[in-house]
Structures are given as C-alpha cells and as structure tokens.
Amino acid sequence: MTEAPQAASVAQAETPSDEILRVEGLVKHFPIKAGVFKRTVGWVRAVDGVDLSVKTGETFGIVGESGCGKTTLGRTIIKLIEPTAGRIIFEGRDITNLKRKEMRPVRRDIQIVFQDPYASLNPRMTVREIVGEPLHVHGLSKGAERRRRVEELLRTVGLSPEHANRFPHEFSGGQRQRIGVARALALNPRLIVLDEPVSALDVSIQAQVVNLLDELQQQFGLTYLFIAHDLSVVRHVSDRVGVMYLGKLVEVGTREEIYRTPMHPYTQALLSAVPIDSPNQRGKRERIVLQGDVPSPANPPSGCRFRTRCWKAQEICAEEDPALVPRAGGAHPVACHFAEVMDPLRLAEAAAAQRAAAQATSQATS
Amino acid sequence: MAEPVLSIRDLTVEFDTEDGVVKAVTDVSYDLYPGEVLGIVGESGSGKSVSMLTVLGLIPQPPGRVVRGEAIFEGEDLLKAPAGRLREIRGGKIAMIFQDPMTSLNPVFTIGDQIAEALLVHNPGMEEEEARRRTLELLELVGVPFAERRVDQYPHEFSGGMRQRAMIAMAIANQPKVLIADEPTTALDVTIQAQIVEVIKAAQRETNAAIVLITHDLGLIAELADRVVVMYAGRVVELADVFTIFNSPRHPYTIGLMSSLARLDADQERLEPIPGQPPSLISLPPGCAFHPRCIHSQGREICRTEVPVLRSLPGEGDHVSACHFAEELVARDVRVGATSGGGA
C-alpha cells in the first residue's frame with residue numbers, strides 16, 4: 001500500500017428530496033512519514049469507504065470506539081479535512097471538490113461542535129467575540145444588530161446576555177459547551193456535526209446539554225450528525241445509528257434496529273459490553289467479551305476487518321470484505337457474512353423466560 | 001460485620017490557591033471492610049479521589065493541608081505516619097490502580113522489570129529468579145497473552161487495555177489488603193472496559209483484598225460495588241449498599257444523578273438533568289452545598305442555613321443520608337433503578 005486512491009470525478013447527484021446529506025464511498029487516508037526525508041512509508045486508513053445518507057431533520061448517530069475513524073469521518077464531511085476519495089453531497093450539491101472560497105457559503109449551512117469545550121474556544125476572546133465571529137467572517141451583521149443577535153443566541157442556549165463580556169475560563173464545562181453551540185447556531189445552519197459534544201462533561205451536565213440540543217433541533221428544524229462513543233447517549237438522541245469499526249460502517253439502522261435487533265457481531269459485542277444500568281441487572285446480561293485489541297488502521301486485516309476478534313469468523317471472512325447490505329431477512333444493512341439477529345441486552349432474560357415457559361408446559365402436560 | 005480494615009474519620013483537607021482556600025474534602029468518614037468493593041462515586045471536583053490520595057500521603061503538602069481527621073489502618077493512623085512508613089505501605093499492603101496506565105508506568109523499563117521491582121522492594125531476600133517467575137504468574141493471571149514474551153516488552157508496546165492489566169498485576173503483586181482503583185476503566189474503550197472489569201474481579205478473588213473503587217461511572221458501580229459512598233462538593237452525602245443506592249436513594253443529589261443518566265435498554269422521552277452548575281469549592285453555598293440545585297429544597301430556610309449531618313434513616317439499617325428532608329424522599333418515585341432491568 002503505497003498510493004492512496006484518487007478522488008472520484010464530480011457529477012451532479014440525484015437525491016431524494018428529504019435527504020440533506022449523502023456520502024458515497026468516502027475515503028480518508030493519512031500518510032505515515034518516516035526517515036530524514038519524511039518519505040511516505042504507509043497509509044493510515046482512517047475512513048475507508050463509507051456510504052451514508054442523512055435525512056432532513058433527523059439525528060444520525062455514529063458510534064464506535066477510539067480509532068474507528070468516526071471523528072475523521074465528521075471532519076471530512078464538513079471538509080475540515082480533504083477527502084482522499086468519494087463524494088459528499090449536501091442538499092443535492094456535490095461539495096467534494098469545492099475550493100475554499102466556494103465552500104464559504106456552504107459553511108453557513110454546515111457547522112460543527114467539538115468535544116472539548118476547553119480547547120475549542122479561544123481563551124483570549126470574549127464570549128461576544130466568539131459567538132459573533134461567524135457573523136463577522138461572513139459579513140452578516142454589524143454593531144447594534146450583531147450585539148442583539150449575540151445576546152439572542154446566548155439566551156437561546158440558556159445563558160444570559162450579561163455573559164457576553166466574559167472570557168471562556170470564567171465558565172464551567174457545560175456552560176462552555178453552550179457557548180460552542182451558540183456559535184454553531186449563529187449562521188442558522190441546516191446541519192450540525194456534533195463530535196462527542198457531551199463526553200467531556202459530568203453526567204448531570206450531560207443531560208442538560210443533550211436536552212438543549214433536542215430543544216434546538218425542534219425549534220430550528222436542525223439536522224444532527226451525532227458522533228459519540230457512549231452507546232446510551234447515542235441511543236437517546238438518535239433516530240438512526242451507524243456503527244463504525246476500523247474505518248467502515250458495519251451496521252446502519254433505526255435506533256430500534258440497532259439496539260433491539262442488532263445483526264453484526266461487533267454491534268452485539270459492543271452493546272453487551274456496556275456496564276449495566278443498575279445492580280438489579282447483575283448476572284442478567286450475557287456478556288460477549290471480545291478478545292484482543294482493535295487492529296491498526298495502517299494495516300487492517302484482509303476481508304472483514306472485524307474477523308480477528310470475531311467468534312463467528314470462517315475462511316470466507318478473510319477472503320471477502322462483506323458488503324453493507326440487508327441480510328438474513330433483516331431490513332437494515334449489515335456488513336457480515338454471518339449476520340443474524342441477537343438482542344444482547346435481553347439475551348439472558350430471554351433464555352431464562354424460555355426455560356421457565358418450557359418448564360411450565362412440561363409440568364402442564366405431565 | 002467484621003472489623004474494618006481501613007477506617008476514615010472526619011477527614012478534612014484544604015488546598016491553598018491564589019484564589020482562596022479550596023475545601024477539597026470536609027468531614028469525610030467511612031469504613032472499608034475486608035473483601036468488599038466500596039464504590040466512591042461523584043462528579044469532577046466532588047473530592048472522591050482526594051480522601052484516598054491523602055491517606056496514602058500522595059497529596060503535595062503544601063499547597064494541600066490536612067485540617068483534621070484520622071485514617072486507621074491495622075491500628076495505625078496513616079495521617080500521622082512518617083513518609084518512610086507510607087512508602088512501605090504503598091504498593092505493599094495498600095496498592096493502587098490509576099486511570100491512565102501510560103503515565104503511571106515508567107516508559108524506560110520493561111513491564112517485567114517494573115512488576116519484579118514491586119516484588120523485590122517489598123520482599124527483601126527474594127531472589128530475582130523467583131521475582132521473574134512470580135511476575136509471569138501475575139501477567140498470566142491478569143490475562144496478558146504470551147506473557148513469556150511480553151514480560152520483556154516496554155509500556156509503549158502494550159495497548160491501553162494491556163497496560164491496565166499490567167498495572168493490576170503490579171498492584172496485586174504483594175497480596176495487598178486494600179486495593180484502590182481510581183477510575184480504572186475511564187481511559188479505555190467499552191469493549192476493553194468489559195475485559196478489565198473481569199480482570200478486577202479475578203484480582204479480587206485471588207487476593208481477597210478490599211477494593212475502593214473511585215469512579216464517576218455509575219455503570220461501573222452497578223457492576224462491581226457492594227456498598228457505595230456518594231460525594232458532592234467535598235462531603236459524603238449518602239452511603240448505603242449498592243442496591244439501596246440504586247433502588248431507593250435518599251438524597252436529592254443521588255436521585256438527580258440517577259435520573260440524568262441516558263439508559264441503554266429503555267427509551268426515555270427526556271433526560272432529567274440536575275439544574276445549575278456544581279459549586280466552587282472556594283466559595284461553597286451556605287447550609288447544604290446542594291441546595292441551589294435541589295428541587296426538593298424549595299427555598300426552605302434550613303437548607304440555606306444549616307449543613308445537614310450524615311444521619312442514619314429510621315428502619316433502614318446502614319443507610320445514611322445528609323439531607324434535612326431525607327424522609328420526604330421515601331415516597332418519591334425514583335425513576336431510574338426502580339425497574340428490574342426489563343426496561344421499556
């Protein structure tokens with residue numbers, strides 16, 4: 001692997017009217033440089049062929065563990081990172097190869113909120129400057145009008161206008177994240193990429209921010225691409241969910257499909273690994289403990305990337321990369337040769353219920 | 001119950017900073033019994049780590065200052081013990097597992113050397129060969145594959161999960177009486193977390209150590225703890241067995257924490273956050289530190305004027321709560337935890 005694939009040629013896309021974002025075959029490979037001359041000795045295949053479609057007004061959750069490429073995916077979609085290959089279609093328009101200047105009007109419509117509210121706000125700027133900066137950059141409003149707009153935005157995210165003259169360090173984590181959200185809202189975007197927006201926050205504050213995002217979505221008809229590693233939070237916020245592993249989506253479905261009838265062994269293992277919600281569930285959840293670690297994205301396994309940790313793996317898994325298509329009678333796409341429905345959250349309970357039922361019938365007949 | 005192995009009483013620790021005195025922990029008391037897992041749960045700045053770090057002499061003094069209190073371990077007050085004695089105890093009878101295994105392992109020594117060192121330091125007279133044999137045993141116990149080969153590797157050659165396993169191996173090397181696990185899974189991915197939870201269980205079976213599990217993760221508490229200490233703004237606000245804490249909490253903060261959690265196995269229309277922000281430890285609110293965020297206080301005067309003491313609740317055994325109106329909370333519908341895990 002010495003050369004990354006080239007970006008696909010541009011063509012006007014045809015999209016269903018309720019689709020706000022479509023991603024086709026998206027690839028981002030980062031070069032690995034080594035030696036005195038910084039020659040490229042390999043590629044980190046952070047995102048390696050992702051297709052997805054996001055509908056207007058929905059929240060699409062992307063869930064995966066560290067290094068799966070979910071953050072790179074989000075940043076590539078809003079073109080903070082140039083894709084290596086593939087297409088990004090926003091509101092029917094191919095934005096993959098737009099130049100910086102051409103991207104500018106598009107950026108009004110697509111905004112991002114970052115994970116770390118400590119690192120993503122400039123400590124030398126007041127809240128007024130931070131929230132008003134997008135308006136300034138896009139030459140949208142001035143003076144008293146901008147003042148009013150900033151104060152309105154602060155109120156929208158649950159801060160008070162008096163906060164405008166303070167600096168980020170005067171705020172707690174949750175409040176800073178609200179500032180980040182206010183800034184993202186400044187240009188009335190259509191789509192917001194939320195990259196781990198609550199993971200740096202304490203539990204009681206997480207819920208505040210999650211509820212705020214929910215209210216804003218309803219109020220402004222926003223579409224969210226919600227990227228996170230916390231499966232419980234993703235369940236709560238998402239209409240549809242994509243599960244990522246080593247640069248690829250392995251399963252995509254509605255919240256119900258992913259959390260109730262997951263078909264990919266990785267999704268099943270991931271769900272079963274989440275700590276229980278209450279001690280009452282001790283021993284009631286079958287836990288699939290995966291062996292080993294995630295392989296390096298610089299040298300992913302052949303065929304199915306999950307096969308090195310998968311208990312179902314057979315010969316075909318090493319030879320053939322399973323396509324993300326509906327399988328085994330299921331309605332949602334899953335990239336596994338041996339996909340089958342399993343509910344890891346209720347597996348042990350279901351088994352116990354079945355045993356009890358069997359016992360009851362055997363007693364009834366005897 | 002048996003005699004506690006570690007008994008902390010009225011521990012109060014302050015830090016002097018430029019902005020004022022930070023009251024990190026105030027009048028913290030709890031007992032740790034042999035063989036149990038005691039969870040200490042709280043959000044950032046609640047003081048959940050400070051009490052244990054103080055007991056082990058790991059807070060820098062100054063700026064830190066122990067104002068009062070004692071920590072009795074095997075008849076000895078560790079807060080009065082000289083530095084040399086604490087060094088002897090640390091890594092021996094009391095061992096630690098920290099959050100970030102990358103910064104707590106020394107990058108220039110092999111994993112094997114570091115575990116063997118822990119053994120040799122605390123067991124004068126142990127042969128190096130014996131130490132190496134025991135090191136291999138420990139690595140196998142915590143599930144490091146190919147221990148024979150990996151024992152001679154450096155920390156950077158280990159993944160996050162494997163490093164945490166090595167840390168646990170080092171912590172249990174000397175059959176500790178007390179094992180302190182401070183956010184042991186926070187830096188790890190969820191599938192690796194599940195592995196480490198199993199390793200911690202195995203380590204406890206092997207050593208029968210009492211474990212102090214310090215975490216913000218209620219899931220980890222639900223998974224592992226026998227009893228739970230809930231901390232808020234430097235004080236213990238509630239203490240009970242883990243089932244009581246989840247099923248019938250009697251402090252508004254604990255109840256708020258439980259309801260603000262998103263759940264994996266149930267649909268929730270809305271999360272119920274705790275309103276407001278955690279207080280500054282430099283200027284704590286008067287009375288109950290939780291009152292500005294408390295939906296049960298409802299402006300009652302006593303909440304603003306009197307610090308509630310931790311008291312046991314009539315008819316509830318060992319359940320203690322620091323709320324003036326703990327009894328009122330009894331009838332409240334505690335949304336989360338009351339269901340038996342059936343969910344939606």
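Which strands of chain A does helix α1 (residues 70–77) lie across, and at about what angle does the helix run to β2(A)? In this predicted model, where local features need pLDDT of at least 70, side-chain atom pairs count only at pLDDT 80 or more, and totals for chains, interfaces and linings use all residues, the helix lies across β1, β2 and β4 (85–90) of chain A and runs at about 70° to β2(A). Residues are numbered from 1 along each chain as its sequence is written, while chains are lettered from A and ligands numbered from 1 in the order in which they are written. Helices (H or I, at least four residues) and strands (E, at least two) are DSSP runs, numbered from the N terminus, and the angles, from 0 to 180 degrees, are taken between N-to-C directions of axes fitted to C-alpha atoms, for helices over the stretch in contact.

The strands beneath this description belong to an open sheet of four, ordered β2-β1-β4-β5 in chain A, with antiparallel pairing; two strands pair if DSSP finds at least two bridges between them. Because β2 (39–55) and β5 (93–94) of chain A stand at the edges with a single partner strand each, one side of each is left without a neighbour in the sheet. Strand β1 (residues 19–34) of chain A is joined to β2(A) by 13 bridges, the two running antiparallel, and A:L26 stands opposite A:V50 in β2(A).

Elsewhere in chain A, helix α3 (residues 127–137) packs against α5(A) at an angle of about 30°, with the axes 7 Å apart. The two helices are therefore roughly parallel to each other, a term that covers angles under 35 degrees. A:V127, A:I130, A:V131 and A:P134 of α3(A) meet A:I179, A:A182 and A:R183 of α5(A), contact being counted when C-beta atoms, placed from the backbone, lie within 7 Å. By class, the residues of this contact are six nonpolar, no polar and one charged, where Ala, Val, Leu, Ile, Met, Phe, Trp, Tyr, Cys and Pro count as nonpolar, Asp, Glu, Lys and Arg as charged, and the others, Gly among them, as polar.

Between the chains, 34 residues of chain A are in contact with 38 residues of chain B. On the chain A side, the elements that give two or more residues are α5 (173–185), α6 (203–220), α7 (231–237) and α9 (265–273), and α6(A) gives the most, with six residues. The residues of that side divide into 15 nonpolar, 12 polar and seven charged.

Definitions and conventions. Two residues are in contact if their C-beta atoms, placed from the backbone, lie within 7 Å. Angles under 35 degrees count as roughly parallel, over 145 as roughly antiparallel, 65 to 115 as roughly perpendicular and the rest as oblique.
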